[in-house]
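I opened my notebook for this one and wrote down what I looked up, in the order I looked. Here are the entries, for anyone who wants to follow along.

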Amino acid sequence: MKFRAPAKAGAFTEGHMYNYRMLETDKLEFVTVASTDELGDGERKLLDIDGDIIAVFNIAGAYFAIADVCSHDDGPVAEGEVIGTEIECPRHGARFDLATGEALTLPAVVDIPSYPVRVVGAEIQIGLPVE
Ligand code: FES
């Protein structure tokens, strides 16, 4: 599998588009990351995809996926508290939109990667940007 790596720690660029949900499907490769049985409502799962940590969430039956790297200071943002469809970085409290990766509050000012998620049968799949 070959895909463009998401932003690495310390590699965020202001103004860069990290919302991979905006990409056309021919620019994505979907991979199965869990079954619907193993990711219940309110649960999250961390995935190691070629060394990049991506987290997938089930919030009331809607699925979201983000990179587990805070754009402020590389904190483990996916371990933070979920409030609605936002997540709060456990290190300094920046909030991000789980759907778009948008940085909503300081101290973060740069968005984080967010990925499209789809359910095919009983499989949860995330779309990774291909090169
Ligand atoms: S590392 Fe996430 S808010 Fe500072």
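**Entry 1: the core**

I began with the largest nonpolar core of this predicted model. It holds 30 residues, and V56 and A65 touch the most other members. I then asked which strands each supply at least two residues of this core. They are β1 (28-35), β3 (52-59), β4 (62-67) and β10 (123-129). β4 gives the most, with five residues. I noted the general background too: in soluble globular proteins, nonpolar side chains tend to be buried together.

**Entry 2: around V56**

Which residues does V56 touch, leaving aside those up to four places away in sequence? I listed V33, A34, L39, R44, K45, L47, Y63, A65, V117, I124 and I126. A65, the other residue that touches the most core members, is among these contacts of V56. I was pleased to find R44 and K45 on the list as well.

**Entry 3: the whole chain**

Next I stepped back to count elements. I found ten strands and zero helices in the protein, so the pattern along the sequence reads β-β-β-β-β-β-β-β-β-β. The radius of gyration is 14 Å, close to the 14 Å that the globule rule gives for 131 residues, so the protein is as compact as a globular protein of that length. I also took the span of the C-alpha trace along its principal axes, which is about 40 × 35 × 25 Å.

For burial, I wrote down that 34% of the 131 residues are buried. For contacts, I looked at those between residues at least 6 apart in sequence: 51% of them join residues at least 24 apart.

**Entry 4: the sheet with β1, β10 and β9**

I turned to the sheets, with one reminder to myself: strands of a sheet pair through backbone hydrogen bonds, either parallel or antiparallel. One open sheet has three strands in the order β1-β10-β9, and its pairing is antiparallel. Its edge strands are β1 and β9 (117-120), each pairing on one side only. From one strand to the next, the twist averages 35°. I looked up the bridges between β1 and β10 and found seven, in the antiparallel sense.

**Entry 5: S35 in that sheet**

S35 is found in strand β1, and I wanted its partner. Which residue in β10 is the bridge partner of S35? It is E123. E123 also turns up among the contacts of S35, along with A122 and I124, when residues up to four places away in sequence are not counted. I then checked burial: is S35 buried or exposed? S35 counts as exposed, because it has 12 C-beta neighbours inside 10 Å and the cut-off for exposed is 12 or fewer. Last, I took a distance: S35 and C70 are 35 residues apart in sequence, and their C-alpha atoms are 26 Å apart in space.

**Entry 6: the sheet with β5, β6 and β7**

Another open sheet has three strands in the order β5-β6-β7, again with antiparallel pairing. The edge strands here are β5 (81-83) and β7, each of which pairs on one side only. Neighbouring strands of this sheet are turned by 30° against each other on average, direction ignored. I followed β6 (residues 86-88) to β7 and found three bridges in the antiparallel sense. In this pairing I noted that E88 stands opposite R95 in β7.

**Entry 7: backbone details in the loops**

I finished with the backbone. Where is P107 found? P107 is in the loop between β7 (95-97) and β8 (114-115). The peptide bond that leads from L106 to P107 is cis, with omega near 10°.

Then I looked at positive phi values. D50, which is not a glycine, has a positive phi of about 50°. It lies in the loop between β2 (44-49) and β3. D50 counts as exposed, because it has 9 C-beta neighbours inside 10 Å.

A60 is not a glycine either, and its phi is positive at about 55°. I placed A60 in the loop between β3 and β4. A60 is exposed, with 8 other C-beta atoms within 10 Å.

Note on methods
Residues numbered from 1 in each chain as written. Predicted model: local features only at pLDDT ≥ 70, side-chain atom pairs only at ≥ 80, totals over all residues. Helix = DSSP H or I, 4+ residues; strand = E, 2+ residues; numbered from the N terminus. Rg over C-alpha atoms; globule rule 2.2 N^0.38 Å. Buried ≥ 20, exposed ≤ 12 C-beta atoms within 10 Å, placed from the backbone. Contact = placed C-beta atoms within 7 Å. Core = buried A, V, L, I, M, F, W, Y, C linked by C-beta atoms within 7 Å. Pairing = 2+ DSSP bridges. Axes fitted to C-alpha atoms, helices over the stretch in contact; angles between N-to-C directions.
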